[in-house]
Amino acid sequence: MKWMLVVLVGGVTPVNTDLLFDKFADCLSAEEQMRKHYADAFEAWDKWAAVNIERRRDYSKAREAQAKRLLSNVGTCVPHGDGAVVKPEASPSPTPSPKPSP
């Protein structure tokens, strides 16, 4: 079975990355790298903002918004089929239930 990395933007909206892995551990490693990338981006922005945003209140609001934007994106590994279409087996037609006579 293959595994696909899916990103949940804002922790909710799934985005297909088309990244497929043969091993679950490899998929988890990619997800960890993605989280680290977002954390590093936030840390770099935070250092810049601490120096360049003069008013503490503005910095605090901007930091909260930036953290939500960058750190609420999470990845998850989901099973991915090989692309083969599986047709459901034919099920017998349901037998009509007897109607009560008046």
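Let me start with the surroundings of Asn73, which touches Val7, Leu8, Val9, Gly10, Met34 and Tyr38 when residues up to four places away in sequence are not counted, a contact being heavy atoms within 4.5 Å. Before going further, I should say that this is a predicted model, in which local features need pLDDT of at least 70 and side-chain atom pairs count only at pLDDT 80 or more, while totals for chains, interfaces and linings use all residues. Residues are numbered from 1 along each chain as its sequence is written, and side-chain values use heavy atoms, with hydrogens and water left out.

Asn73 sits in the loop between helix 2 and strand 3, the latter being residues 74-80; helices (H or I, at least four residues) and strands (E, at least two) are taken as DSSP runs, numbered from the N terminus. With a relative accessibility of 10%, Asn73 counts as buried, where buried means under 20% relative accessible area, exposed means over 50%, and partly exposed lies in between, using a 1.4 Å probe and protein chains only. Its side chain makes two polar contacts that I would like you to look at: Asn73 reaches the backbone nitrogen of Gly10 at 2.8 Å, and the side chain of Asn73 also reaches the backbone oxygen of Arg69 at 3.3 Å. A polar contact here is a pair of N or O atoms within 3.5 Å; within protein, one must be able to donate a hydrogen and the other to accept it, and residues adjacent in sequence count only if both atoms are side-chain atoms.

Gly10 brings us to the strands, since Gly10 lies in the turn of the hairpin formed by strand 1 and strand 2, where 3 residues separate the two strands and Gly10 has a positive phi of about 65 degrees. Strand 1, residues 2-9, and strand 2, residues 13-21, pair in the antiparallel sense over 7 bridges, with pairing requiring that DSSP finds at least two bridges between the strands. Among the bridge partners, Val7 is matched with Val15 in strand 2, and Val6 is matched with Asn16 in strand 2. Strand 1 also runs antiparallel to strand 3, to which 7 bridges join it, and there Leu5 has Cys77 as its bridge partner. Within strand 2 we also find Asp18, which has a positive phi of about 60 degrees although it is not a glycine, and which counts as exposed at 60% relative accessibility.

Turning to the helices, which residues of helix 2 are buried? They are Tyr59, Gln66, Ala67 and Leu70, and because they cover an arc of only 105 degrees around the axis, they lie on the same side of helix 2, the arc being that of the directions from the helix axis to the C-beta atoms. An α-helix has 3.6 residues a turn, so residues three or four places apart point the same way. On the other side of helix 2, Arg57, Lys61, Glu64, Lys68 and Arg69 are exposed, whereas the buried residues of helix 2 pack against helix 1, residues 24-52. As a check on geometry, helix 2 has 16 residues, 56-71, which at 1.5 Å a residue should span 22 Å, and its end C-alpha atoms are 21 Å apart, which agrees; the expected span is 1.5 Å times one less than the number of residues.

In helix 1 we find Met34, which is buried at a relative accessible area of 14%. Not counting residues up to four places away in sequence, Met34 touches Val7, Asn73, Val74 and Gly75; Met34 and Val74 are 40 residues apart in sequence, yet 8.2 Å apart in space, C-alpha to C-alpha. Helix 1 also holds Asn52, which is partly exposed with a relative accessible area of 41%, and the side chain of Asn52 reaches the backbone oxygen of Trp48 at 2.9 Å.

Finally, the whole chain. The protein has 2 helices and 3 strands, arranged along the sequence in the pattern β-β-α-α-β. Of its 102 residues, 21% count as buried, and of the contacts with a separation of 6 or more, 57% are accounted for by residues 24 or more positions apart. The protein exposes about 8,300 Å², with carbon and sulfur atoms supplying 57% of that area, as computed by the Shrake-Rupley method with a 1.4 Å probe, where for residues only the protein chains shown count as cover.
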